[in-house]
Amino acid sequence: MSSGTPIKLPVIDFSNQNLKPGSPEWDSMKHRVREALEEFACFEASLDQVLELRDALFGAMEEAFDLPLETRKLYVSDKPFRGYYGHPSKLLESMTIDEAQIAENIEQRLTTTMWPHGNISFSKTLVSFTQQSTRLEKTIRRLILEIFGVEKYADELIDNTNYMLKLSKYKAPQNGEPTSGIVAHTDQNMVTLLYQNEVDGLQIHNKDGEWMDVKPSPNSFIVVVGESLRAWLNGGLSSNYHHVLMKENKTRYVVGLFAGTRAGYHVKAPEELVNDKNPIMFKPFDYEEYLRFYSAQVSLSHFGSHLQAYCGV
Ligand SMILES: O=C(O)CCC(=O)C(=O)O
Ligand SMILES: [Fe+2]
């Protein structure tokens with residue numbers, strides 16, 4: 001296990017809520033996002049507004065996870081969501097929310113699994129967090145599509161997005177030795193945003209295949225490109241190899257927002273990105289169907305590019 005070298009990822013500020021596509025600020029962010037993704041397949045997106053939720057979010061997670069269960073992961077989706085991400089044994093609750101019912105649903109289905117009598121303030125915090133982070137993700141995806149000159153597909157792609165919120169706790173190492181929190185992988189979805197408490201642990205591969213410690217600021221999300229976006233862009237971006245190594249003697253809490261595509265939507269590179277020099281890399285696939293294949297491969301401890309094995313051309 002590698003101790004890792006500290007790295008400061010490029011930080012791109014998304015706090016301006018009036019940011020308009022086509023404005024000079026938008027164009028300069030686009031260039032910075034492109035540079036960051038080419039170099040690291042990863043960057044920090046800062047959003048000052050999230051600081052208002054920080055104490056409430058991690059405070060409630062500490063309380064909620066302080067129950068007999070070892071690990072708690074909760075899944076929230078803003079559209080009907082079936083299946084799971086990762087190991088089903090770790091799935092505590094899967095649920096759907098829609099704009100109108102978002103607060104009520106979280107209240108009833110999510111917090112009651114942690115607090116038998118509900119927890120209104122935590123549900124409100126989660127609703128605000130979901131709204132802030134999904135909005136940020138959509139902006140980032142628009143910028144990325146523009147980088148590749150295919151922004152005309154942004155609405156369609158975003159409309160076919162399924163969001164999942166995963167709340168995770170990583171226990172401090174028991175005997176002082178660095179302990180694996182999550183094994184090395186690439187994300188299989190489109191884009192992931194990670195928001196953590198003050199305890200670091202995420203490591204990413206740099207271009208030379210060395211592990212780098214990621215140290216995000218309190219107002220930053222770590223943005224990770226997944227395999228589905230790589231496939232949709234016909235290999236235009238790489239997806240980032242990462243894992244979690246727990247080194248500090250403290251508990252780490254992370255909220256991850258996973259943007260994937262909904263069942264029935266075929267992930268397929270637009271024709272603009274396919275030509276003689278860049279032949280199509282993956283056959284069109286349904287993300288949810290692919291996830292079933294992926295989960296089976298992972299539980300058999302098979303490594304390598306699962307997407308390549310599933311639908312590589
Ligand atoms: O906890 C983290 O920082 C990373 C989690 C992760 O990589 C994942 O859930 O896919
Ligand atoms: Fe991941």
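# Briefing on the predicted chain and its ligand

Of the 313 residues in the chain, 37% are buried. The model is predicted, and its chain contains eight helices and 15 strands. Among contacts between residues at least 6 apart in sequence, 73% join residues at least 24 apart. The points below treat strand 8, the surroundings of ligand 1, helix 1, and selected single residues.

**Strand 8 and its partners**

- Strand 8 spans residues 191-196, and six of its six residues are buried, so the strand is largely enclosed by the rest of the structure.
- In a regular strand the side chains alternate between the two faces of the sheet.
- On one side of strand 8 the buried residues are Val191, Leu193 and Tyr195, and on the other they are Thr192, Leu194 and Gln196; both faces are thus covered.
- Strand 11 (residues 220-225) runs antiparallel to strand 8 and is joined to it by four bridges. Within this pairing, Leu194 has Ile222 as its bridge partner.
- Strand 13 (residues 252-261) also pairs with strand 8 in the antiparallel sense, over six bridges. Here Phe258 is the bridge partner of Thr192.

**Surroundings of ligand 1**

- The shell around ligand 1 consists of Ser168, Ile182, Asp187, Leu194, Gln196, Leu202, His242, Val244, Val254 and Gly256.
- Strand 8, strand 12 (242-246) and strand 13 are the elements that each give two or more residues to this shell.
- By character, the shell residues comprise five nonpolar, four polar and one charged.
- Leu194 and Gln196, which belong to the shell, are both buried and lie on one side of strand 8 together with Thr192.

**Helix 1**

- Helix 1 covers residues 24-40, 17 residues in total, and extends 24 Å from its first C-alpha to its last, close to the 24 Å expected at 1.5 Å a residue.
- Met29, Val33, Leu37 and Phe40 are the buried residues of helix 1. They cover an arc of only 90 degrees around the axis, which puts them on the same side of helix 1.
- An α-helix has 3.6 residues a turn, so residues three or four places apart point the same way.
- Exposed residues Pro24, Ser28, His31 and Glu38 are carried on the face of helix 1 turned away from its buried side.

**Positive phi outside glycine**

- Ala41, just after helix 1, takes a positive phi of about 55 degrees, although the residue is not a glycine. Ala41 is located in the loop between helix 1 and strand 3 (42-46).
- Ala41 has 23 other C-beta atoms within 10 Å and is therefore buried, the threshold being 20 or more.
- Asn234 likewise has a positive phi, near 50 degrees, in a residue other than glycine. Asn234 is part of the loop between helix 6 (227-232) and strand 12.
- Asn234 counts as buried because 21 other C-beta atoms lie within 10 Å.

**Thr125 in helix 4**

- Thr125 lies in helix 4 (residues 120-147) and counts as buried, since 23 C-beta neighbours fall inside 10 Å.
- Beyond its neighbours within four places in sequence, Thr125 is in contact with Leu53, Ala56, Leu57 and Ala60.
- Asp55 and Thr125 are 70 residues apart in sequence, yet their C-alpha atoms are 9.9 Å apart in space.

Notes
Residues are numbered from 1 along each chain as its sequence is written. Chains are lettered from A and ligands numbered from 1 in the order in which they are written. This is a predicted model: local features need pLDDT of at least 70, side-chain atom pairs count only at pLDDT 80 or more; totals for chains, interfaces and linings use all residues. A residue is buried if 20 or more other C-beta atoms lie within 10 Å of its own, exposed if 12 or fewer, and partly exposed in between; C-beta atoms are placed from the backbone. Two strands pair if DSSP finds at least two bridges between them. Two residues are in contact if their C-beta atoms, placed from the backbone, lie within 7 Å. A residue is near a molecule or strand if its C-beta atom, placed from the backbone, lies within 6 Å of it. Ala, Val, Leu, Ile, Met, Phe, Trp, Tyr, Cys and Pro count as nonpolar, Asp, Glu, Lys and Arg as charged, and the others, Gly among them, as polar. The expected span of a helix is 1.5 Å times one less than its number of residues. The arc is that of the directions from the helix axis to the C-beta atoms.
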